[in-house]
Amino acid sequence: MSQVEILRFALRGLLANKMRSALTTLGILIGVAAVIMLVAVGEGSSQSIQNNIQRLGANTLTISPSFSGGGGMRGPTGGNTGPRTQARQLGLADARALTDRTLAPSVKSVSPVVNAPSATAAYGAASHEISQLVGTYPSYFEAVNKPVAQGTYFFNDDVLAARKVVVLGRTVVEELFGAVDPIGKQVSVSGVPFTVVGVLKEAGSTGMQDADDVAIAPLPAVQQSLSGFGSLGQIVVQATGAGTTTSAQAEVTAILNQRHGITNNNPDFRILNQATLQETVSEATGTFTVLLGAVAAISLLVGGIGITNIMLVTVTERTREIGIRKAIGAPRSAILGQFLMEATLLSLVGGLSGVLVAFVGTRFSVAGIEPVLVPSSVVLALGVSLGIGLFFGSYPANRAAKLRPIQALRHE
């Protein structure tokens with residue numbers, strides 16, 4: 001018997017019980033679609049987190065004070081018994097020290113940062129409380145990947161002259177100006193007049209925080225008018241490249257340890273390495289995606305068990321047919337091939353339908369996440385569904401092929 005005839009017999013057997021065949025393929029459909037969709041959601045979540053990190057710059061180090069660090073108070077055995085009570089704050093002198101090319105050749109730029117609390121901006125009758133008012137240097141824009149979409153950013157001359165100019169985020173512009181061009185207009189920030197020189201490119205929201213609700217001005221202007229000449233909130237360091245971020249971190253750590261008198265492994269500052277954070281997040285989200293796929297694969301296993309169940313029922317119902325075919329000379333391989341073909345077709349139809357459903361499903365966002373279809377998951381899910389059809393269909397097929405003609409013909 002040729003393969004074409006085996007296929008014809010298999011199709012005829014499946015179409016004889018259309019509803020039962022459709023319900024069996026539904027189990028495989030759900031399993032394949034679930035695997036592809038959950039992997040797509042995991043991949044979309046991973047890319048979303050990666051994009052948020054990259055907005056801060058992949059080669060950026062963020063240095064902030066740590067009040068629990070420092071030398072600490074010495075106990076009787078010389079150990080560190082508690083927080084350092086005189087931990088040094090970050091200052092402009094620290095930022096200037098990090099620009100030394102001899103001590104820090106891997107550092108491209110250094111941007112000291114102060115944040116003014118509770119800053120309210122007003123223009124005409126409109127007012128808006130800015131979530132984040134930053135005082136810094138022009139290098140900050142490149143370091144944290146905040147390009148200007150309209151107008152320009154401020155320059156080093158503006159910093160040296162402490163000019164009261166400001167670059168606004170899109171949210172602040174919409175709240176204060178609406179459709180009016182803000183460039184050149186003067187806004188009052190906590191009662192202090194600032195001239196708008198630029199508007200940042202829209203960044204979007206990052207979790208609960210609106211990244212566009214921000215205003216950036218020269219450091220001395222913010223210190224003179226709003227925050228006072230105290231310590232820095234942060235120092236943003238940009239490495240010369242993504243490959244030198246780790247060496248830049250080591251150089252920055254050595255310089256600050258020397259300046260702050262740190263002789264142990266408990267400094268009074270902490271450094272956030274965006275590259276390291278990105279690698280950590282990639283590993284975590286990768287594991288998360290694999291777990292999602294593994295959970296969804298259980299439904300494929302259930303679908304395979306359903307194929308075994310239905311094929312066993314089919315073999316029982318068609319025992320006399322099998323006996324007649326064997327009695328007139330059908331070889332064992334033909335019977336085996338027919339029932340394996342039926343099980344494989346059920347899996348194939350269910351798998352292809354699952355791929356189609358998953359493809360449509362990835363066009364919609366899930367819990368605010370845009371799913372990203374992973375081609376390898378499609379191939380894997382479809383391949384596994386076919387394997388399941390062969391594996392779970394082999395037992396019923398073997399059972400049918402081993403039936404003795406005389407026993408099959410006696411079956412009622």
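Reader: Which residues of helix α8 are called buried, and what makes a residue buried?

Author: In α8 the buried residues are Thr245, Ala248, Glu251, Val252, Ile255, Leu256, Asn257 and His260. Buried means a relative accessible area under 20%, exposed means over 50%, and partly exposed lies in between (1.4 Å probe, protein chains only). This is a predicted model, in which local features need pLDDT of at least 70 and side-chain atom pairs count only at pLDDT 80 or more, while totals for chains, interfaces and linings use all residues. Residues are numbered from 1 along each chain as its sequence is written, and side-chain values use heavy atoms, with hydrogens and water left out.

Reader: What makes α8 a helix, and how do you know what span to expect of it?

Author: Helices are DSSP runs of H or I with at least four residues, strands are runs of E with at least two, and both are numbered from the N terminus. α8 has 16 residues, so it passes the minimum of four. The expected span is 1.5 Å times one less than the number of residues. For α8 that gives 22 Å, and the helix reaches 22 Å from its first C-alpha to its last, close to the expected value. Just after α8, Gly261 takes a positive phi of about 70 degrees. By the same DSSP rule the chain has 13 helices and 14 strands.

Reader: Why is the pair Arg259 and Asp94 called a salt bridge?

Author: The term asks for a side-chain nitrogen of Lys or Arg within 4 Å of a carboxyl oxygen of Asp or Glu. The N to O distance between Arg259 and Asp94 is 2.6 Å, so the pair qualifies. Arg259 lies in helix α8 (residues 245–260) and Asp94 in helix α3 (residues 92–97), so the bridge ties together parts that are 165 residues apart in sequence. Asp94, at 2% relative accessibility, is buried, whereas Arg259, at 28%, is partly exposed.

Reader: How many salt bridges are there by this rule?

Author: The count comes to three. One of them joins Lys108 and Glu142, with N and O 2.8 Å apart. Lys108 lies in strand β2 (residues 107–116) and Glu142 in helix α4 (residues 139–143), so this pair links parts that are 34 residues apart in sequence. Lys108 has 38% relative accessibility and Glu142 has 48%, and each value falls between the two cut-offs, so both residues are partly exposed. Another salt bridge is that of Arg163 with Asp158, whose closest N and O atoms are 3.0 Å apart. Here Asp158 is buried at 12%, and Arg163 is partly exposed at 39%.

Reader: How do you know which strands pair with β7?

Author: Two strands pair if DSSP finds at least two bridges between them. Four bridges join β7 to strand β9 (residues 192–200), so these two pair, and they run parallel. Two bridges join β7 to strand β12 (residues 214–218), so that pair also meets the minimum, and it runs antiparallel. Val165 stands opposite Thr195 in β9, and Val167 stands opposite Ile216 in β12.

Reader: Which way do the side chains of β7 point?

Author: In a regular strand the side chains alternate between the two faces of the sheet. In β7 (residues 165–168), Val165 and Val167 point one way and Val166 and Leu168 the other way, and all are buried.

Reader: What makes a group of residues a nonpolar core?

Author: A nonpolar core is a set of buried Ala, Val, Leu, Ile, Met, Phe, Trp, Tyr and Cys residues joined through side-chain atoms within 4.5 Å. The largest one has 42 residues, and those with the most contacts inside it are Ile63, Leu98, Ile235, Val237 and Val252. Apart from it lies another core of 23 residues, including Ile36, Ile307, Ala358 and Ile388.

Reader: Why is Asn145 singled out for its phi?

Author: Most residues other than glycine have a negative phi. Asn145 is not a glycine, yet its phi is positive, about 60 degrees. Asn145 sits in the loop between α4 and β6 (148–151), and at 43% relative accessibility it is partly exposed. Ser190 likewise has a positive phi, near 50 degrees. Ser190 lies in the loop between β8 (186–189) and β9, and is partly exposed at 38%.
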